[in-house]
Each structure stands twice: as structure tokens, then as C-alpha cells.
Amino acid sequence: MKISVFGLGYVGCVSAACLAGQGHEVVGVDVNPAKVDLVRAGKAPVVEERIGELTAEVVASGALRATTEVAEAILATDVSLVCVGTPSAPNGSLSTEYLQRVAEQIGEALKERKSETRHTVVFRSTMLPGTCLGLLIPILEKHSGGTAGVDFGVAVNPEFLREGTSVRDFFQPPKTVIGEFDPGSGDVVARLYEGLPGDVFRVPIPVAEMTKYADNAFHGVKIGFANELGAICRALGLDSHQVMDVFLADRKLNISPAYLRPGFAFGGSCLPKDLRGLVYAARQADVSVPLLAHVLPSNAEHLHRAFELVARTGKRKVGLFGLSFKPGTDDLRESPLVELAERLLGKGYDLKIHDANVSLSRLMGANREYIESRLPHLGQLLAGSVQEVLDHAEVCLIGTSDPEVLAALPHGSGPVLVDLVRVPDAAARRAEEGYVGLAW
Ligand SMILES: NC(=O)c1ccc[n+]([C@@H]2O[C@H](COP(=O)([O-])OP(=O)(O)OC[C@H]3O[C@@H](n4cnc5c(N)ncnc54)[C@H](O)[C@@H]3O)[C@@H](O)[C@H]2O)c1
């Protein structure tokens, strides 16, 4: 393929050299003439393992050349990879200045391009969801006079390389994410990486933009978590690596997809108690652990979001499905649903609750004492059937995946549904009137 690469920084120069090495015809474009001159001389503008030899090789073979002329590059190629920087602005926001500038320049050049084949603009820079559709495509359309998806293709293809091992990472990517404006644009990107290992995800453009933030935020959280835990271990005289060896060996609950799907707040008799205890122990040892200390406040915020979804409906008669701290148990200790029910009750909402496990254990006696002594105010609100709650409610909170509840949920009519668990048909329900969710 004939490819332009805009921006010869870490991402651009590695992409350009590796794609040239794969047999593509590549033109590197940068506003900085010093970087262009370096590439022309067969030298890499960045220091990275293997990039020096690779650049020398592909420049000598003619597979990679460099220019400062945007129009020349666009006219000679079928696809552009935009790898310009997106640094932090002084207020912390993401600066899209370079992206906007390059979109204007590419748009102008596309106006001049008269070719049988459609040019596809692929954004590799990291950018927040909405940047491509809301900002960059309008700029490309304004400056080219054409329409995205018709006169030119557009895709977002985030980069997952790590500085230091970026050439290796290019050939061994953890995954390939293609946010496509239309299938034709996605096909062009897929062809660029044909033969490389890893799963390929073809997704809407804003999803592709967000995946990069999901990754980097998680990586930051992982490091923060490990370092805070390490600091507590050190204060307590433990070998933190020995602790983490055990932690990491658990592939069922720790290093696994467990607990990583957005849903409702956590609760129960262990997580809140043990987080509280650990943070207290850290404080006692004079170890500051802001990340761990903010997990419970973060959880409380999430509970508040659920309350707000009800409040915003303006309705007063509320149904709640689920009361125990998670499905499949009758344990009510530190249940976030109990917390939510109490908040609703305290604010004067007219509440009815259904939880089959809690009702059963109340009848059988196992939880009777707990409910009667600790939660008598909620015990009185327990309904005998799913239907009784549906008949009562103007707005219904779904806090359980109990199949009996899921089967009874109405479509489009009846109470407003506030989904806390992401019901199995959530994707279809999103389009329906009267359905809102915490975990869309
Ligand atoms: N560095 C990484 O490891 C890494 C990894 C993944 C994603 N990213 C993302 O990729 C993007 C690029 O990062 P980087 O580290 O390569 O940036 P960089 O600052 O090293 O390089 C950006 C280059 O773009 C050039 N440029 C600016 N405006 C231009 C224009 N109008 N036309 C042509 N060139 C122009 C600059 O001169 C510079 O050489 C960023 O959004 C970054 O967040 C970086």
C-alpha cells in the first residue's frame, strides 16, 4: 500500500519504518525539517531498540522517504496515518491543536487529489471519545469540500506500543483496534496489519478512542495499587514481592476478567470491612495510600449515581428488585442495595422491594432476626411477588439478575426501568423510552 505518516515522533517514525519494512511504500511527513532531514539521511529521529538499523535499511531501499510537503504526500498515497502529538494543555485538558492543524492540511490536499481510489485518513494519536466525529471529520469535510465515508475514508486506530520496545510491539501487538467510520475505511486499516498476531476489534470510532484511555488508566491504577500495597508491606516488614507472587498466581479472581464489568456498587461483609481495615493500618503506620483510601468513596459515588437516576425521573413510587449484597445470596450485611433503599426511604419515596432469597430466608428464619432487629423498616416493604412491585412502581430499580424478575420486566410501557446490573437485553432496551442504566 502507499502510505503517508504524519508526525515523525515515537509513534510515527516506528509505524513508518515498520510498515516500510513490511513492503509498503511509505512517505513520512513532519513540520519539523530537522526530523525530515534525519529520515532522509537514513537516521531515526528517536532512540529506540532496532529503529536505527530498520530506518537505515528502508530508506536505503527506497521504501521510506520523508517530506515537509503535505499535499505531495497525500497526492502520492492512498492512506494517511496521523501520529501527531496530543499533549496536555496547562489546565490538564487534551490539546487537539496539532490534530486540528493536520486535519486542515490533509483536507486542503484532498481537494486537489483526483484519483480513482479513495484516500483514507487514519488517526493513531490518542484522543478523547468524540474528537474524531465531532471535531476532526467536520474539519476534513470543510477543507476538502468532500464527505467522509463517500469521498474519503476515516478511521481511528489507536497505538499500543511502549517506548523502548516499540518496534517489537509493532510486530507483536497485544491487539489491533479499528474504529471505522464505514466498513470500507475499516478494511483499509485491516489490510495494513494483515499477518500480525493478536485479536482485531472493529468497533465504532468513539469506542476505539476510549479503549486507549481504558488501557492507560488501568495501567496507572495497577502501578498505583502495587506501589501502595508495597509501601504498606514495607512498613509492616513484609516482602511485598512475596505477597504479590501469591496475588498474581490467582488467575481466577485477581489477574482475570473478574470484577471488571461496569455494574453496581460493591458491598457485603468483606470488601468494605477489609478495605477500611487496610487503610486504617496504613494510616497507623504513617503510610499515605490515596488510591486505596479512595476506593470506598468511589463506591459511595456510584451508589449516589443510582439514587440520582431515580431522583431525575421525578417519580415517587419506587420498586426495588434485589436487596442482598449480590445475587445468589440472602446476605444483607453492608449491601449497597440496602443503603440505596434506606436513602430512598429517608427522602420520602414510597418503596416496595422484592428479593426472592431474602423473602425465603425471612420465612425460613435464617435472616429473620437480622431483618427484624437491624432493618425492620425495610422488612415491612418486602413484597410477596414480582408483580406486586411492578403494579406499585412508577420507577423500578433492577438490582438483581433473578430470571423471574428479568422475565417480568415490561418493554416500553409501565414503570421507568433503572438498570443497575445491565440486563441481558440492555443493548436493545437502550433504544426504548423509559429505560436508563448505570452500566450502558
Ligand atoms: N509515545 C508513545 O509511546 C505513544 C504510545 C501510544 C500512543 N501515543 C500517542 O500517539 C501520539 C503521538 O505520540 P508521540 O510520542 O509519537 O509524539 P511526538 O511528540 O514524539 O511526535 C509528534 C510529531 O508530530 C509532528 N507534528 C506536529 N504537527 C504536525 C503536522 N501538522 N504535520 C506533520 N507533523 C506534525 C511533531 O513535529 C512531532 O515530530 C500522541 O497522541 C500520543 O498520546 C504515544
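**Exercise 1. Work out how β5 and β6 are joined, and how well β6 is covered.**

Start with the pairing: β5 and β6 run parallel and share five bridges (strands and helices are DSSP runs numbered from the N terminus, E with at least two residues for a strand, H or I with at least four for a helix; two strands pair if DSSP finds at least two bridges between them). Across from A155 of β6 you'll find V122.

Before going on, a word on the model. It's a predicted one, where local features need pLDDT of at least 70 and side-chain atom pairs count only at pLDDT 80 or more, while totals for chains, interfaces and linings use all residues. Numbering runs from 1 along each chain as its sequence is written, and side-chain values use heavy atoms, with hydrogens and water left out.

Next, burial: five of the five residues of β6 are buried (buried is under 20% relative accessible area, exposed over 50%, partly exposed in between, with a 1.4 Å probe and protein chains only). Split them by face: F152, V154 and V156 sit on one side, G153 and A155 on the other, and all are buried.

Last step, what lies across these strands? Helix α6 lies across β5 (119–123) and β6 (152–156), and runs at about 155 degrees to β6 (angles go from 0 to 180 degrees between N-to-C directions, with axes fitted to C-alpha atoms, for helices over the stretch in contact).

**Exercise 2. Put the strands of the open sheet in order and explain what is special about β3 and β8.**

The sheet has eight strands, ordered β3-β2-β1-β4-β5-β6-β7-β8, with mixed pairing. β3 (64–67) and β8 (199–203) are at the edges with a single partner strand each, so one side of each has no neighbour in the sheet. Ignoring direction, neighbouring strands are turned by 25 degrees against each other on average.

Now zoom in on β3: four bridges join it to β2 (residues 25–29), and the two run parallel. Here V26 has L64 as its bridge partner in β3.

**Exercise 3. Describe the packing of α5 against α6.**

Two numbers do the job for a pair of packed helices: the angle between the axes and the distance between them. For α5 (residues 97–112) and α6 (residues 131–144), these are about 35 degrees and 7 Å. Then list the contact residues (heavy atoms within 4.5 Å): α5 brings L99, Q100, A103, E104, I106, G107, E108, L110 and K111, and α6 brings L135, L136, I139, L140, H143 and S144. Sorted by class, that's eight nonpolar, four polar and three charged residues (Ala, Val, Leu, Ile, Met, Phe, Trp, Tyr, Cys and Pro are nonpolar, Asp, Glu, Lys and Arg charged, and the others, Gly among them, polar).

**Exercise 4. Classify the ring pairs F170–F171 and F307–Y349.**

The whole structure holds four aromatic pairs (Phe, Tyr or Trp rings, the six-membered one for Trp, with centres within 6.5 Å; planes under 30 degrees apart are stacked, over 60 edge-to-face, the rest tilted). For F170 and F171, the centres are 5.2 Å apart and the planes at 80 degrees, so call it edge-to-face. F170 is buried at 5% relative accessible area, whereas F171 is partly exposed at 23%. Add Y193 and you have one aromatic cluster with F170 and F171.

F307 and Y349 have centres 6.1 Å apart and planes at 85 degrees, so this pair is edge-to-face too. It links distant parts of the chain, 42 residues apart: F307 is in helix α13 (residues 295–313), Y349 in the loop between α14 (336–346) and β10 (350–354). F307 is buried at 7%, and Y349 is buried at 8%.
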